[in-house]
Amino acid sequence: MELFARTISASALALLCLILVFTLFSTVYGNSEGDALNALKTNLVDPNNVLQSWDATLVNPCTWFHVTCNSDNSVTRVDLGNANLSGQLVPQLGQLPNLQYLELYSNTISGTIPSELGDLANLVSLDLYFNNLSGSIPGSLGNLQKLRFLRLNNNTLSGTIPNSLTNVYSLQVLDLSYNHLTGTVPVNGSFSLFTPISFVGNYLASPPPSPPPPPSPSTPPSSS
Amino acid sequence: MPMPMPMTMPRQSSNSQDHHHHHHCNHYYHFLFIFTLLFSAVSAANIEVLTLLSWIHTSPSLSSSFSNWNSLDLNPCNWSFITCSSKGFVTEINIQSVHLAIPFPSNISFFLYLQKFIISGANLTGTIPPTLGDCTSLLVIEVSSNSLTGSIPASIGKLQNLQNLKLNSNQLTGKIPPELGNCTNLKNLFLFDNYLTGNFPVELGKLSSLEVIRIGGNKDISGSIPDELGNCQNLKVLGLADTRVSGSIPASFGRLGKLQSLSIYTAMLSGEIPPELGNCTELVDLFLYENSLSGSLPRELCQLQKLERLLVWQNNLVGIIPEEIGNCKSLRIIDLSLNSFSGSIPRSCGNLSQLEELMLSSNNISGSIPSDLSNATNLMQLQLDTNQISGPIPQEIGLLTQLTIFFAWQNKLEGSIPSALSGCISLQAVDLSHNSLTGSLPPGLFQLQNLTKLLLISNGISGPIPPEVGNCKSLVRLRLANNRIRGQIPKEFGDLTSLNFLDLSGNCLTGPVPDEIGNCTGLQMLNLSNNTLGGNLPSSLSSMSRLEVLDMSTNRLGGSIPGSFGKLTSINRLILGGNMLSESIPPLLGQCSSLQLLDLSSNSLSGSIPYELFNIEGLDIALNLSLNELTGAIPPQISGLSKLSILDLSHNKLEGDLMPLSSLENLVSLNISFNNFTGYLPDNKFFRQLSATDLEGNQGLCSQGRNSCFSNIPRTPNNLKHSRRLRLAIALLGAVTLAMAILGAVAVFRAQKIIKDDNDSEIGGGHSYSWQFTPFQKLNFSVEQVLKCLVETNVIGKGCSGIVYRAELENGEIIAVKKLWPTTAAECNCHNNRVGVNRGFRDSFSTEVSTLGSIRHKNIVRFLGCCWNQNTRLLMYDYMPNGSLSKYGYMMKITEKSDVYSYGIVVLEVLTGKQPIDPTIPDGLHIVDWVRRKRYGAEVLDPSLRTRPEFETEEMMQTFGVALLCVNPSPDDRPTMKDVAAMLKEIRHQREESAKVDMLLKETLKNNEQQSYNGGPSATVQQIYSRSNNSSFSASSLLYSSSSNPRTTLK
């Protein structure tokens, strides 16, 4: 009987601990997502007040405009394309564990792409195209195993295309065009799908030589 | 105006004799040497003049306050910022908040009698010279808020008289020199906000005179706080915040009887708060937040009669809040948030008559809110959220007339919201969400004239919203969601013009949505979902031009969706699902250009889907039109929604095929089930991965044996027209570019061979189908040879539309064969209109083939031919060795706009006489990039074309313009072939016009020989020009809009 009671109380205690841990976790969780986005807000210049509703004192960022949450009040989308934003991205963006869409295209955001974006295990779409981003493409983006759309085109990204990206087999759309990328274009893995259109307008090494061209006709004499 | 003397430091070694009094500093001699040469009368004071002038002279923009620094003065004693001793020596340099932007004076040791050296907020740069330690008279060194770099010289330890050392707010690096422990008279040590590293030096504990130590804001200072610091009996302030100091707070601090401020927040402290701190009877500020302190809050702290601010939030503190806390009579701010305190709120808090802020959020505090708290009448902020607090909110809380913020959300509060709360006349924000509050909303609450936020989400509040709500004009954010509020939405809401965020969702509200809500022009978010609201959607809502989110879902709203909603230009999410809305979707909704999510599901909407919706380029989150009565086909314009993630059209009566969906490349979720869709599925990865449940319930849709239901190249019905346009355009180009034979029609030799296939089960699919073979080149191999090579080991790539094999033929030739994914019409037994669809499919296949066959150019892999039977279609290309797979990939993604791109490339090749990747193009550039880099100058033209008559080269340049439009990097920005044809036609048209003009001109000139045309062409001619220019649209108007048209120059 005593043993039974002890078992009951032990399991009750365990349950209590579990609930406690969960409650603590979920509380911190909600705040940390808001904090992460607020860090982004403070690093961005927002002439159109698009981020006006981003009130850091709220329990979670789920009522902020341009932010979408799932039913657990965790952020799944950040939609700030064409928002006339400038300033920089922040490493804290990596602290949004359920983020699926990070849409910051067609702004004038500068600085580098934080390597912490590679922590966004659920990211489906990363659209940073048409900005002023510089620096290299973080190799950590190769960790994004759910990424389907990666568009970084029309920035001033430099360095080589990280080989790790070829491991992202979910990748459907890739656009790295019109940057300052150098080196060669990987052709293996997920990259076997992509066409030169994804890479044009860079300083990438020319694709392997096509069959030798027919002997070029000698320039005809100018017509008189 | 005296000019600062231009002065350069001599570099040669000094051999001058030392006939002056001795000095420690070597620089001195250098300087003195020059000085001796320049001046006959030598005095120490003049050295000071010279030193100061030569230092200040380097400033790029000197403030006028230095104008009395005259080089002819015998001493600097009358200069601004300078104080001298009675004997005429500088004792004080004091320059504050004057922009200098010059280095730290390097010859500071010349000032033998200097006692106070203060240069702060002056953007002083460079390092602090070690010679500073030679100025032994110094009492004060204050060079804070500059841009100094380097380390703190250990020689400062020599300054026995030094009392104030203020080096804060610079960029100093390195360790804090332990030698500072020798400055026995040091009282104030300010080193904060630098980049100093290392430990807190134990030696500082020797400094019994020390009163203020401020080292915070050096993020890399680590290690523990030395016990010896407890010996600094005179210490009043210790600041180590925002560092990485770790370990526990020394118990020896209890000996610091004069300590007023202990500020070690945002650090890495652990262990317990020493009870000995209770002996620091002078303590006013105890800032220990954001550490890892554990244990409980020592009762001994409650002896601190002068303690005003107790900030220990975000630690791991446990236990109860001592009841004795009420003894700390001076307490103004208590912040214990984000710990694990338990027990109840001490009643004695009510004794704290000075208390302004009581912050206990995020703990495990239980019990009820003590009514005694109402005695703390200075209370401005009461934050109790995220605890286990139960019981009712005491009526007495209404006595807190200073209270501005009252947060108690996420607790277990019961009972009703006390009407007495209206007595808290200063209230600005109230959040009591997520409790078990019942009863109705006290109308008095809305008399609070400063209330901006009222949040009562998820309680059991019942009764109606009192009409008094309209009195609370300050309201910005009102959220009453998830309660049991009944009755109608009072029309008085219309008076709340500051309202920004209104959430009444999840209640039992009835009746219509009052028109007056439209007066809330500041509203950005309106959520009335999950109620039982009836009536129509008021069109007055459309006047809320700032509205970003409108959620009216799950109500009983009827009538139609007002077309005026198209005026909601800020709207981001429009959610009207789960109502009884009828009639058709207003096309004007297409004007909601900011829309990212549109949910009209579960209504009774009829008619077809207006294509105008697809003008909303940013519609990227979701479009849900499911569970309606929509009819008609999916408009092809849906391809405009290239960013859309989720599309749900299920449970409607939609018909036609699904080909318009093929270009929605961002789709992640699609449901078109239970409609009347027919035909094949677009053949792409997304559709191949789609689950059957997303497609079910469409009787005419090919779904059995899904593998065979994929149509390879999805084409819209105007496909045939498109290819005609392409041919037309090619023909036009030929005319314009004067017989560029490369584009001459390729004679298609159709040799239809019939080949038995009974050995390759993979290709034959178990059946024997005959093969048709269309070579586009002269080929020396048979289909049979090709088929033999289509084995797994030869696979060199897989793409969206097929597999690419490397095929080595019997004659040694190597080709690449793309096998398109199988589409067997024969297997599609379910299909009613088999023949028609089959023909459509055949047509698109043929179109692709004929297009590719007629464009034989280097930028595309050479297309050799194709062969097919009922199961399989093979395309054959030149084999490109390693690394060229992407080019095959390119072949797999031919769309209308990539045709346009290819066409542009062809034109560029023709006009430049170069290949896309040409050895004569420098830097290995692609032809497109090269032409762009050349800024469209005439030198890009093939040299053999440059000699053509001017009007022809001009036409060629205009054609260039067209080509460049075609190769725009963004497919969306490329013209259609129709546009291209029109533009090319226009170029020719212009020429014809100009020929006419030329003729007319000649006539005019002949008739008016006597007329000088220096003043410009005659009116007639001008008229003709203006007419011809106005009527023309050409590429040149895009490219050369600013340049003069050569033809307007009279020849």
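Tutor: Buried means under 20% relative accessible area. Keep that cut-off in hand; the model here is predicted.

Student: Is helix H12 of chain B largely enclosed or not, and how many of its 17 residues are buried?
Tutor: H12(B) is largely enclosed by the rest of the structure, because most of the helix falls under the burial cut-off. The count of buried residues, out of 17, is 14.

Student: How far apart are the end C-alpha atoms of H12(B)?
Tutor: The helix covers residues 950–966. At 1.5 Å a residue, its 17 residues should span 24 Å. The model agrees with that expectation, so the end C-alpha atoms are apart by 24 Å.

Student: Which residues touch the most other members of the largest nonpolar core?
Tutor: This core has 200 residues. Three of them, all in chain B, touch the most other members. They are B:Phe406, B:Phe493 and B:Leu526.

Student: Which element gives the largest share of this core?
Tutor: The elements of chain B that give two or more residues include strand E2 (90–96), strand E3 (116–120) and helix H3 (685–689). Helix H2 (44–56) is also among them. The largest share is five residues, and it comes from H2(B).

Student: What does B:Phe493 contact beyond its neighbours within four places in sequence?
Tutor: Its partners include B:Ile465, B:Val469 and B:Leu478. Also among them are B:Leu499, B:Leu502 and B:Leu504. The list is completed by B:Ile517 and B:Cys520.

Student: Is B:Asn194 buried or exposed?
Tutor: B:Asn194 sits in the loop between strand E6 (188–190) and strand E7 (197–199) of chain B. Its relative accessibility is 3%, so B:Asn194 counts as buried.

Student: Which backbone atoms lie 3.0 Å from a polar atom of the side chain of B:Asn194?
Tutor: One is an oxygen, from B:Leu167. The other is a nitrogen, from B:Asn170. Both residues are also among the contacts of B:Asn194, as is B:Gly217. The atoms asked for are the backbone oxygen of B:Leu167 and the backbone nitrogen of B:Asn170.

Student: Which residues does B:Gln785 touch, not counting residues up to four places away in sequence?
Tutor: B:Gln785 is in helix H6 (residues 783–788) of chain B. At 15% relative accessibility, B:Gln785 counts as buried. The residues touched are B:Leu809 and B:Glu810.

Student: In which sense do strands E9 and E11 of chain B pair, and what stands opposite B:Gly223?
Tutor: E9(B) (residues 220–224) and E11(B) (residues 244–247) share three bridges. Their sense is parallel. Opposite B:Gly223, in E11(B), stands B:Val245.

Methods. Residues are numbered from 1 along each chain as its sequence is written. Chains are lettered from A and ligands numbered from 1 in the order in which they are written. This is a predicted model: local features need pLDDT of at least 70, side-chain atom pairs count only at pLDDT 80 or more; totals for chains, interfaces and linings use all residues. Side-chain values use heavy atoms; hydrogens and water are left out. A nonpolar core is a set of buried Ala, Val, Leu, Ile, Met, Phe, Trp, Tyr and Cys residues joined through side-chain atoms within 4.5 Å. Buried means under 20% relative accessible area, exposed over 50%, partly exposed in between (1.4 Å probe, protein chains only). Helices (H or I, at least four residues) and strands (E, at least two) are DSSP runs, numbered from the N terminus. Contact means heavy atoms within 4.5 Å. The expected span of a helix is 1.5 Å times one less than its number of residues. A polar contact is a pair of N or O atoms within 3.5 Å; within protein, one must be able to donate a hydrogen and the other to accept it, and residues adjacent in sequence count only if both atoms are side-chain atoms. Two strands pair if DSSP finds at least two bridges between them.
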